[in-house]
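Open the model in your viewer and keep the sequence panel beside it. We will go from stop to stop, selecting a few residues each time.

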Amino acid sequence: MNRHFYDYDDGDFAHVLSDAMAINSDGELMMRMGDTMAMDMDSGELHMISGWPNDEDD
């Protein structure tokens, strides 16, 4: 069960908490905006990601 993705903008990984939320290695929350895009909840910036995993991928 692979529940993380790579954030190309920050250069680190984030762990998926739910279908719409994740947390990165700095403890910042990320909200899913699409399959390959997430929004940093602290700054409001959009980040390109490797792909948001979901339960159907397992």
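Here, contact means heavy atoms within 4.5 Å. Keep that in mind for the first stop. Remember too that this is a predicted model.

**Stop 1: Asp12**

Select Asp12. You will find Asp12 in strand 2. Which residues does Asp12 touch, leaving out those up to four places away in sequence? They are Phe5, Tyr6, Asp7, Asn24, Ser25 and Asp26. Now show side chains. Those of Asp12 and Ser25 make a polar contact, at 2.8 Å.

Is Asp12 buried or exposed? Its relative accessibility is 12%. Buried means under 20%, so Asp12 counts as buried.

Add Thr36 to the selection. Asp12 and Thr36 are 24 residues apart in sequence. From C-alpha to C-alpha, the gap between Asp12 and Thr36 in space is 15 Å.

**Stop 2: strands 1 and 2**

Select residues 4–7, which are strand 1. Then add residues 12–16, which are strand 2. These two strands pair in the antiparallel sense, over 4 bridges. Find His4 and look across to strand 2: the bridge partner of His4 is His15.

Follow the chain from strand 1 into strand 2. The two form a hairpin, with 4 residues between them. Click on Gly11 in the turn; Gly11 has a positive phi of about 75°.

Turn strand 1 to see its two faces. In a regular strand the side chains alternate between the two faces of the sheet. Which residues of strand 1 are on the covered face? Phe5 and Asp7 are. His4 and Tyr6 make up the uncovered face.

**Stop 3: strands 4 and 5**

Move on to residues 29–34, which are strand 4. Add residues 37–40, which are strand 5. Strand 4 and strand 5 pair in the antiparallel sense, again with bridges to look for: there are 4. A hairpin of 2 residues joins strand 4 to strand 5.

Colour strand 5 by face. Ala38 and Asp40 are on the covered face. Met37 and Met39 are on the uncovered face.

Select Arg32. Across from Arg32, in strand 5, stands Ala38. Now add Asp35. Arg32 and Asp35 form a salt bridge, and their closest N and O atoms are 2.4 Å apart. How many salt bridges does the count come to? The count is 1.

Compare the two partners on the surface. Arg32 has a relative accessible area of 25%, so Arg32 is partly exposed. Asp35 has 51%, so Asp35 is exposed.

**Stop 4: strand 6 and His47**

Keep strand 5 and add residues 46–48, which are strand 6. Strand 5 and strand 6 pair in the antiparallel sense over 3 bridges. They form a hairpin with 5 residues between them. In that turn, Gly44 has a positive phi of about 85°.

Go back to Ala38. Its opposite residue in strand 6 is His47. Select His47. Its relative accessible area is 2%, so His47 is buried. Leaving out residues up to four places away in sequence, His47 touches Asp7, Asp9, Asp10, Met30, Thr36, Met37, Ala38 and Asp40. The side chains of His47 and Asp7 make a polar contact, at 3.0 Å. Asp7 is one of the covered-face residues of strand 1 from Stop 2.

Pick out Met37 among those contacts. His47 and Met37 are 10 residues apart in sequence. In space they are 5.6 Å apart, C-alpha to C-alpha.

**Stop 5: a nonpolar patch**

Finish on the surface. Select Met41, in the loop between strand 5 and strand 6. With 37% relative accessibility, Met41 counts as partly exposed. Which residues make the nonpolar surface patch? Add Leu17 and Leu29 to Met41, and you have it. The patch covers about 250 Å².

Key. Residues are numbered from 1 along each chain as its sequence is written. This is a predicted model: local features need pLDDT of at least 70, side-chain atom pairs count only at pLDDT 80 or more; totals for chains, interfaces and linings use all residues. Side-chain values use heavy atoms; hydrogens and water are left out. Patches are made of residues with over 30% relative accessible area and no salt bridge: like charges are joined within 9 Å, nonpolar side chains (Val, Leu, Ile, Met, Phe, Trp, Tyr) within 5 Å. Accessible areas come from the Shrake-Rupley method with a 1.4 Å probe; for residues, only the protein chains shown count as cover. A salt bridge is a side-chain nitrogen of Lys or Arg within 4 Å of a carboxyl oxygen of Asp or Glu. Buried means under 20% relative accessible area, exposed over 50%, partly exposed in between (1.4 Å probe, protein chains only). Two strands pair if DSSP finds at least two bridges between them. A polar contact is a pair of N or O atoms within 3.5 Å; within protein, one must be able to donate a hydrogen and the other to accept it, and residues adjacent in sequence count only if both atoms are side-chain atoms.
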